[in-house]
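Morning, everyone. Please have the viewer open, and keep the sequence beside it.

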Amino acid sequence: MEQSIQSNRAGSTEEVIRQRRQRTILRKLRNSDLRKAAFLAVFLMLLFRCVFGVTFEYGSDMKPAIGDKDLLLYYRLQDSYTGGDVVVYEKRGVEMVGRIAAMPGETVEITKDGQLVINGYTQADINREDMYNPGNENGTGKVTLKSQQYYILSDDHSVSRDSRMLGAVSKNEICGLVITVIRRRNI
């Protein structure tokens with residue numbers, strides 16, 4: 001009988017050791033998974049705060065290219081921009097989306113008949129009746145951009161607030177270049 005008690009104790013001791021090992025292994029796995037998840041969360045946070053940005057387009061300023069409530073992914077580290085680039089910019093504390101119409105050093109004029117003229121050349125793709133120019137600070141319709149300034153227009157000229165009302169956008173006001181549009185319409 002004493003021998004069976006010792007064998008039970010030995011069996012139970014081995015069982016306890018086995019259970020403790022399993023718990024230790026599970027604890028290590030949980031801690032490892034938590035560390036990985038925390039690292040991933042910090043990495044993604046840094047990635048989307050420093051390299052990429054995400055915003056929604058509210059309204060129809062960029063219609064038809066970008067619609068209301070479309071999700072935009074933009075690249076913050078873009079160093080240079082060209083005409084036609086769609087960018088996210090911040091003007092007077094509000095984040096906006098627009099297309100670069102004129103570059104630094106260029107002269108922009110919107111005529112009374114709604115034609116966009118850059119450096120004396122009429123831009124055929126933006127000739128619309130709904131284009132108007134409320135004038136710049138001097139009350140004239142012609143603006144010459146300084147170094148590091150861009151003239152940004154929205155695609156739907158009849159309803160948008162852009163450089164026609166807000167003035168030229170400086171390079172440090174540009175948040176980044178739009179690289180992806182995720183449609184939310186008709187989903």
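Which residue in E4 is the bridge partner of Val 86? Find Val 86, then look across to E4: the partner is Arg 99. Before going on, a caution: this is a predicted model.

Let's stay with that pair of strands. E3 and E4 run antiparallel, and 6 bridges join them. They make a hairpin, with 2 residues between the strands. Check the turn there. Arg 92 has a positive phi of about 55°.

Now the other neighbour of E4. E4 also pairs with E9, again in the antiparallel sense, over 3 bridges. Arg 99 comes up once more: in E9 it stands opposite Leu 153. So much for the pairing around E4.

Next, the packing. The largest nonpolar core has 12 residues. Among them are Val 87, Tyr 89, Met 96, Ile 100, Tyr 150 and Ile 152. Where do they come from? Strands E3, E4, E9 and E11 each supply at least two residues of this core. In residue ranges, E3 is 86-91, E4 is 94-102, E9 is 149-153 and E11 is 174-182. As a general point, nonpolar side chains in soluble globular proteins tend to be buried together.

Put Ile 100 in the centre of your view. Leaving out residues up to four places away in sequence, Ile 100 touches Tyr 81, Thr 82, Gly 83, Gly 84, Asp 85 and Val 87. It also touches Tyr 150, Tyr 151 and Ile 152.

There is a second core, separate from that one, with 10 residues. Ala 101, Val 108, Leu 116 and Tyr 151 are included in this second core.

Val 108 takes us to another piece of the fold. Strand E5, residues 107-110, pairs with strand E6, residues 116-118. The sense is antiparallel, over 3 bridges. Opposite Val 108, in E6, stands Ile 118.

What is the strand order in the open sheet of 4 strands? It reads E7-E6-E5-E8, with antiparallel pairing. At the edges sit E7, residues 121-122, and E8, residues 142-144, each pairing on one side only.

Last, the whole chain. The count is 2 helices and 11 strands. Along the sequence, the pattern is α-β-β-β-β-β-β-β-β-β-α-β-β. The chain has 187 residues, and 30% of them are buried. Take the contacts with a separation of 6 or more: 59% of them join residues 24 or more positions apart. The accessible surface comes to about 12300 Å², and carbon and sulfur atoms hold 53% of that.

Note on methods. Residues are numbered from 1 along each chain as its sequence is written. This is a predicted model: local features need pLDDT of at least 70, side-chain atom pairs count only at pLDDT 80 or more; totals for chains, interfaces and linings use all residues. Side-chain values use heavy atoms; hydrogens and water are left out. A nonpolar core is a set of buried Ala, Val, Leu, Ile, Met, Phe, Trp, Tyr and Cys residues joined through side-chain atoms within 4.5 Å. Buried means under 20% relative accessible area, exposed over 50%, partly exposed in between (1.4 Å probe, protein chains only). Contact means heavy atoms within 4.5 Å. Two strands pair if DSSP finds at least two bridges between them. Accessible areas come from the Shrake-Rupley method with a 1.4 Å probe; for residues, only the protein chains shown count as cover.
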